2 protein chains.
Amino acid sequence: MKVLILGGDGYLGWPTAMKLSSDGHNILVVDNYSRRKIASDRNLPTLISVPNLQQRVVTWKAKTGREILVRIGDVQEYEFILDLFHEYGPDAVIHFAEQPSAPYSMAGYLEARYTLTNNLLTTLNVSHAVKQTNPEVHIVKLGTMGEYGTPNIDIEEGYLDIEHNGRKDRFLYPRKGGSLYHTTKIQDTDLLYFYSGVWGLRVTDLMQGPVYGMFTKEMEYQPSLATNFSYDEIFGTVLNRFVVQAAIGRPLAVYGSGTQKRGFLNIVDTLECIAIALRNPPRPGEMSILNQFTEVFSILDLAHLVKQSGDDLKLNVEIVNIPNPRVEKEDHYYNPRTTRFRELGLEPHLLDQEVLSEMLEHVLRYKDNVVPEIVSPKTSWN
Amino acid sequence: MKVLILGGDGYLGWPTAMKLSSDGHNILVVDNYSRRKIASDRNLPTLISVPNLQQRVVTWKAKTGREILVRIGDVQEYEFILDLFHEYGPDAVIHFAEQPSAPYSMAGYLEARYTLTNNLLTTLNVSHAVKQTNPEVHIVKLGTMGEYGTPNIDIEEGYLDIEHNGRKDRFLYPRKGGSLYHTTKIQDTDLLYFYSGVWGLRVTDLMQGPVYGMFTKEMEYQPSLATNFSYDEIFGTVLNRFVVQAAIGRPLAVYGSGTQKRGFLNIVDTLECIAIALRNPPRPGEMSILNQFTEVFSILDLAHLVKQSGDDLKLNVEIVNIPNPRVEKEDHYYNPRTTRFRELGLEPHLLDQEVLSEMLEHVLRYKDNVVPEIVSPKTSWN
């Protein structure tokens with residue numbers, strides 16, 4: 001299968017490219033290095049510097065004999081993406097080309113505008129390019145579990161059957177984002193729901209929870225094939241930040257009470273979910289929505305798991321509760337469903353002490369690289 | 001009250017400005033003449049040419065002694081709108097500054113991009129400018145009944161209480177747009193719902209049905225105070241187009257079976273609704289959503305009403321069903337609630353033969369101005 005991966009330089013984009021290349025697909029990755037620019041402008045280094053895409057694909061070819069094509073450019077520019085669709089003729093497109101940080105989207109006006117414009121125009125452009133070149137192309141879009149927020153009822157997979165005053169209909173599950181970033185993902189869903197219906201496009205929208213981890217099988221060929229691992233308040237996900245705090249002897253900073261619950265998954269399961277989604281395209285006109293996480297934890301649960309793992313390594317980890325920089329419910333019901341990926345064959349890699357020890361030991365090897373100041377939250381929702 | 005009206009040159013914007021000025025408010029209208037440019041580029045003249053805003057406010061002052069301030073500029077530009085908020089210090093802002101045409105938004109890529117970018121950035125900018133200058137400012141935003149689509153259950157006002165698996169919560173009523181334009185209005189709602197909640201803004205979101213009519217009390221001072229009256233497939237609403245078709249002796253072109261139902265209202269009721277909304281600002285952090293229409297008709301109902309009115313004037317009106325250029329349900333349940341505006345004092349002006357005769361007689365006086373070709377639909381949803 002010919003697969004176009006937009007945002008192929010990212011934390012998930014590059015590991016996805018290698019995984020799908022290993023699986024025998026032909027891959028073209030696209031990126032505009034936007035995340036690198038933001039991180040560079042704000043001095044938010046990753047744990048280890050990673051080579052750029054052009055260098056990575058050379059290493060990949062040397063190690064595996066497999067070719068991954070690269071194009072550097074901005075998916076917000078329609079001519080660029082339309083030309084790519086014409087030239088490459090993909091069977092599927094995986095759309096990761098979005099500004100992925102909630103705190104970044106709340107930092108100020110320019111960051112909000114960039115997040116809104118980038119995330120919606122890339123999705124608009126993908127929809128139009130598919131319609132214009134080949135409506136059969138399967139669009140796989142990365143959404144987020146955060147689109148649902150934390151409602152007081154069970155979270156279903158994408159849709160909800162509602163009975164009201166004795167009549168029934170099926171709707172997109174009502175959404176409520178916790179940041180502007182999350183709101184743009186809701187708006188992406190609105191856009192794809194509309195275009196898939198009116199133009200008969202095949203769309204899979206993945207409601208993914210926060211991802212943790214840094215190892216995938218394909219990285220074992222060579223250290224320079226590693227994905228970028230962020231631990232800063234902007235791009236670092238919560239478990240990854242806790243592991244770094246434990247490694248450098250800082251307390252694990254829990255936002256508020258830490259009783260907020262989310263659905264998490266290991267990066268290796270993300271890749272497996274993407275591969276499963278590719279093997280199961282929806283019918284034309286259908287938007288398939290899958291909840292992509294494996295386990296629910298509270299933030300405090302995660303902190304205690306990391307502490308246990310750190311203590312086993314004699315790190316003497318502390319946990320502190322700091323004022324929550326976000327506006328979010330801390331005590332809430334949370335019961336999200338995730339059955340479709342299991343039915344389609346996902347075998348989850350759960351979070352256990354082995355996974356945590358491996359992460360912690362890896363970070364310990366590079367702990368001198370860590371800039372401690374960038375882990376603490378500076379971006380407030382107000 | 002100091003009221004900023006964005007999109008003050010439009011079909012509804014200008015009559016709203018005069019009405020609120022008459023009511024004793026201080027008014028500043030803003031427009032970038034975007035609708036005039038689109039209409040001019042595509043040769044879509046209005047029934048009567050209307051003077052520009054600068055000329056209209058001179059006439060208004062001469063006739064009433066009241067001043068309406070004008071600023072020409074683009075609400076997509078944040079510096080422009082932020083400066084306006086700083087300088088003028090409004091108590092309320094009425095946001096009409098959106099690309100309002102469903103067919104335009106479906107005409108092609110550039111039209112879709114413009115609609116998406118304009119409608120979302122203007123709403124983003126208003127939210128940020130209010131937050132940055134005075135979070136107490138009441139934001140009154142024009143949405144559309146089309147955000148709800150045509151669900152198989154009753155349409156409530158903005159929100160829906162959902163019981164699911166024995167638990168309950170209140171959500172934004174699930175929405176499903178029938179065009180990209182409608183989808184951008186849903187996305188506006190998402191954006192305002194988020195920012196009102198997180199920043200404690202006061203937002204009123206008006207779910208308005210298609211408006212008809214061309215007369216408001218304030219226009220009686222002088223003919224050149226008229227609003228623009230469009231009858232083309234892009235900017236003309238359905239009843240206005242039927243009246244023009246009847247006047248020029250063309251058949252009333254009903255899209256598909258014409259059994260599509262919508263909630264309609266007279267332009268005078270639109271103005272009254274805006275005035276009521278201004279008098280009833282929500283609490284900080286609350287997004288008040290009101291359904292703004294007075295009567296439900298099918299498209300075929302409207303055609304028959306216009307035919308009756310035309311026949312009374314010996315016009316011998318025909319009705320034809322033409323292939324529906326839109327992708328929409330034609331046979332559907334439709335039961336939208338509209339109780340809040342009545343509770344707040346709205347006394348509807350219903351559609352009767354007197355209203356239709358007055359419209360028809362007015363159009364007949366200017367029927368030589370009509371360009372018949374622009375009434376027929378050319379924009380298909382596919």
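**A walk through a two-chain model**

Helix 8 of chain B, which runs over residues 238–247, is mostly covered, since 10 of its 10 residues are buried. The structure being described is a predicted model, and this helix is a convenient place to enter it. The buried residues of helix 8 of chain B begin with V238(B), L239(B) and N240(B), continue through R241(B), F242(B), V243(B) and V244(B), and end with Q245(B), A246(B) and A247(B). What lies over them? The cover of these buried residues includes strand 9 (211–212), strand 10 (252–255) and strand 11 (261–266) of chain B, together with helix 10 (299–312) and helix 12 (353–365) of chain B. Just after helix 8 of chain B, the backbone at G249(B) takes a positive phi of about 75°.

Two of the covering strands, strand 9 and strand 11, also belong to an open sheet of 3 strands in chain B, whose order is 9-11-13 and whose pairing is mixed. Strand 9 and strand 13 (295–298) of chain B stand at the edges with a single partner strand each, so one side of each is left without a neighbour in the sheet. Strand 9 and strand 11 of chain B pair in the parallel sense over 2 bridges, and within this pairing V211(B) has L265(B) in strand 11 as its bridge partner. Helix 9 of chain B, residues 267–279, packs on this sheet by touching strand 9 and strand 11, and its direction makes about 80° with that of strand 11 of chain B.

Chain B also holds an open sheet of 7 strands, in the order 3-2-1-4-5-8-12 and with parallel pairing. Its edge strands are strand 3 (68–72) and strand 12 (287–292) of chain B, each of which pairs on one side only, and the twist from one strand to the next averages 20°. Inside this sheet, strand 5 (residues 138–144) and strand 8 (residues 202–208) of chain B pair in the parallel sense over 7 bridges, with V203(B) in strand 8 as the bridge partner of I139(B). Helix 3 of chain B, residues 53–64, packs on the sheet where it touches strand 2 (26–31) and strand 3, and its direction makes about 175° with that of strand 3 of chain B. Helix 4 of chain B, residues 78–88, touches strand 1 (2–6), strand 2 and strand 3, and its direction makes about 165° with that of strand 1 of chain B.

Where along chain B does F96(B) sit? This residue lies in the loop between strand 4 (92–95) and helix 5 (102–105) of chain B, and F96(B) is buried because 26 other C-beta atoms lie within 10 Å. Among the residues that F96(B) touches are I5(B), L6(B), G13(B) and L142(B). I5(B) is in turn one of the residues with the most contacts inside the largest nonpolar core, which has 206 residues, and V243(B) of helix 8 is another.

Finally, the two chains meet in a contact that takes 35 residues from chain B and 35 residues from chain A. On the side of chain B that touches chain A, the largest share, 9 residues, comes from helix 7 of chain B, and the residues of this side divide into 21 nonpolar, 8 polar and 6 charged. Chain B can be laid on chain A by a turn of 180° and a shift of 0.0 Å along the axis, with an RMSD of 0.0 Å, which is the relation of a two-fold axis. The same surface serves both copies, for 100% of the contact residues of chain B recur in chain A.

Notes. Residues numbered from 1 in each chain as written. Chains lettered and ligands numbered in written order. Predicted model: local features only at pLDDT ≥ 70, side-chain atom pairs only at ≥ 80, totals over all residues. Contact = placed C-beta atoms within 7 Å. Helix = DSSP H or I, 4+ residues; strand = E, 2+ residues; numbered from the N terminus. Nonpolar A, V, L, I, M, F, W, Y, C, P; charged D, E, K, R; others polar. Least-squares fit on C-alpha atoms with pLDDT ≥ 70 in both. Buried ≥ 20, exposed ≤ 12 C-beta atoms within 10 Å, placed from the backbone. Pairing = 2+ DSSP bridges. Axes fitted to C-alpha atoms, helices over the stretch in contact; angles between N-to-C directions. Core = buried A, V, L, I, M, F, W, Y, C linked by C-beta atoms within 7 Å. Lists of a residue's contacts leave out its neighbours within four places in sequence.
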